[in-house]
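Student: I've got a model open and would like to talk it through. Can we start with the packing and work outwards?

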Amino acid sequence: METKNLIGRITIDPDVMVGKPVVKGTRLTVEYILTLLIQGIDMDEILQDYPNLTREDIFACLAFAKEALTNSTFMPLNY
């Protein structure tokens, strides 16, 4: 599936989850799905826990994050 089509599965609405990007038709934020993946939760387990979510929805979250990073400028953080 093309990145453009995947990203179409993500919506931003100020009335839903305080305007955070969510998977269309859900209240699942891109941030939440990415957090699950980062924690090592298997994609199949996520799909089992959220039966209305599709594999394409998860890929859409990854595509959205990739595009967000591509279109951002970063400054080094000094700790």
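Student: Which residues in H4 do Val30, Ile33, Leu34 and Leu37 in H2 meet?

Tutor: Quick ground rules: this is a predicted model, where local features need pLDDT of at least 70, side-chain atom pairs count only at pLDDT 80 or more, and totals for chains, interfaces and linings use all residues. Residues are numbered from 1 along each chain as its sequence is written, and side-chain values use heavy atoms, with hydrogens and water left out. Helices here are DSSP runs of H or I with at least four residues, strands are runs of E with at least two, and both are numbered from the N terminus; a contact means heavy atoms within 4.5 Å. On that basis, the four H2 residues meet Ile58, Cys61, Leu62, Phe64 and Ala65.

Student: And how do H2 and H4 lie, roughly parallel or roughly perpendicular?

Tutor: Fit lines to the C-alpha atoms over the stretch in contact, and take the angle between N-to-C directions, from 0 to 180 degrees. H2 (residues 30-38) and H4 (residues 55-70) then pack at about 105°, with axes 9 Å apart. Under 35 degrees counts as roughly parallel, over 145 as roughly antiparallel, 65 to 115 as roughly perpendicular and the rest as oblique. So H2 and H4 are roughly perpendicular.

Student: In what order do the elements of the protein run?

Tutor: There are four helices and two strands to place. From the N terminus on, the order is α-β-β-α-α-α.

Student: What is phi of Met17?

Tutor: Most residues other than glycine have a negative phi. Met17 sits in the loop between strand E1 (10-11) and strand E2 (22-23). It is not a glycine, yet its phi is positive, at about 50°.

Student: Val18 is in that loop too; is Val18 buried or exposed?

Tutor: Buried means under 20% relative accessible area, exposed over 50%, and partly exposed in between, with a 1.4 Å probe and protein chains only. Val18 also has a positive phi, near 55°. Met17, at 29%, counts as partly exposed. With a relative accessible area of 78%, Val18 is exposed.

Student: How far apart do the centres of the positive and negative side chains lie?

Tutor: Count Lys and Arg as positive and Asp and Glu as negative, skipping His and the chain ends. Each charge is placed at NZ of Lys, CZ of Arg, CG of Asp or CD of Glu. That gives 7 positive and 11 negative side chains, with the centres of the two sets separated by 6 Å.
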